Amino acid sequence: MSNDRVMKFRQKTDESAAVSLASWINSYRDEEEMREIFLNMDRAMKYLHDRGYCIKSFDPRNIYILNNSIDQIKLDVLPLPSDYSESKKFVKEDIYNSSFIQIGLYSKCLPYLKREFLKSNFDKFCEFLPEGDVPYYRGVIDRGASVYFCEYAMEKANRDLAALEKELAGEGMGTPAPKAPMGDVNVNTRINDGIYKQLSGKRDAAFVSLLLFPTALLVLGVVLALISLIISFG
């Protein structure tokens, strides 16, 4: 991402300028741009999972692109369950739902798509998907894999880059292969920090409350003990 786009985001994160994913996709978008939106949506989802939240709705009408920038994806969230095993189930379901709507949007049949139908007829949908991403979607939809799209894309880019470097070395070319254009993870994290800053505040407040509660009990216990001693020696 260019520095001017980062500066633009820092200067203004105006949710009144938000456009729903549904509206964005309904205007003409090429496959490359759609894929980049889905990658950024997945990065935002992972960011939220890592901070204890899951996605409330994957309806494209409730997913927003802010400031006319495909790097800035706003998702509605709910807190993840405190139980670890339950939390993992929610994360897995989010990953599935994200892949499901992506396939539905690529194929332009999301309103009519059903889970079992997609699984049974996955091969028929492959023609609508970016060729290099078919193994990812197959893994999630058909085999129940719980892998983030952004992590798959990064690993694939790294492997493609390694293969290219090996090919260049085999041909005796000394020029190193260019780095895979997967974006700056730190920049993406800073963008999501800005979009979801209210969640960080809630989390920090909850953490402070968690710390203060046992402290307050301890202080109360000490006070009651002192009062008891005073009464005893009074």
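Is Glu 86 buried, partly exposed or exposed? Glu 86 is partly exposed, with a relative accessible area of 32%. The residue serves here as an entry point to a predicted model. Overall confidence is described before the individual contacts.

The mean pLDDT of the protein is 81. A value of 70 or more is reached by 71% of the residues. Two stretches fall below 50. One covers residues 1-12, which nevertheless have 17 contacts in the model beyond near neighbours in sequence. The other covers residues 202-213, with 3 such contacts. Where pLDDT is low, predicted coordinates should not be read in detail.

The protein has 234 residues, of which 38% count as buried. Its secondary structure comprises 10 helices and 5 strands. Among contacts with a separation of 6 or more, 66% join residues 24 or more positions apart. The exposed surface amounts to about 14,300 Å². Carbon and sulfur atoms supply 58% of that area.

Side chains of opposite charge can pair when their charged atoms come close. The model contains 10 salt bridges. One of them joins Lys 46 to Glu 151, with an N to O distance of 4.0 Å. This pair links distant parts of the chain. Lys 46 belongs to helix 3 (residues 31-50), and Glu 151 belongs to helix 8 (residues 149-170). The two positions are 105 residues apart. Lys 46 has a relative accessible area of 22% and is therefore partly exposed, as buried means under 20%. Glu 151 is also partly exposed, at 40% relative accessibility. The pairing extends to a third residue. Lys 46, Asp 50 and Glu 151 are linked in a network of salt bridges.

A second salt bridge joins residues close in number. The side chains of Asp 59 and Arg 61 meet at 2.6 Å, N to O. Which of these residues counts as exposed? Arg 61 does, at 57% relative accessibility. Asp 59 counts as partly exposed, at 23%.

Helix 4 (residues 84-107) holds another pair, Lys 89 and Glu 86. Their closest N and O atoms are 3.4 Å apart, and the two residues form a salt bridge. Lys 89 and Glu 86 are 3 residues apart, about one turn of the helix. Lys 89 has a relative accessibility of 52%, so this residue counts as exposed, the cut-off being over 50%. Glu 86, at 32%, is partly exposed.

Glu 86 also takes part in contacts outside this pair. Where does its partner Pro 81 lie? Pro 81 is placed in the loop between strand 5 (77-79) and helix 4. At 25% relative accessibility, Pro 81 counts as partly exposed. Neighbours within four places in sequence aside, Pro 81 is in contact with Glu 86, Ser 87 and Phe 90. Glu 86 thus appears both in the contacts of Pro 81 and in the salt bridge with Lys 89. Tyr 53 and Pro 81 are 28 residues apart along the chain. Their C-alpha atoms are separated by 8.6 Å.

Conventions
Residues numbered from 1 in each chain as written. Predicted model: local features only at pLDDT ≥ 70, side-chain atom pairs only at ≥ 80, totals over all residues. Heavy atoms only, no water. pLDDT = per-residue confidence, 0-100. Contact = heavy atoms within 4.5 Å. Helix = DSSP H or I, 4+ residues; strand = E, 2+ residues; numbered from the N terminus. Buried < 20%, exposed > 50% of the residue type's maximum accessible area, 1.4 Å probe, protein only. Areas by Shrake-Rupley, 256 points an atom, 1.4 Å probe, with all protein chains shown as cover.
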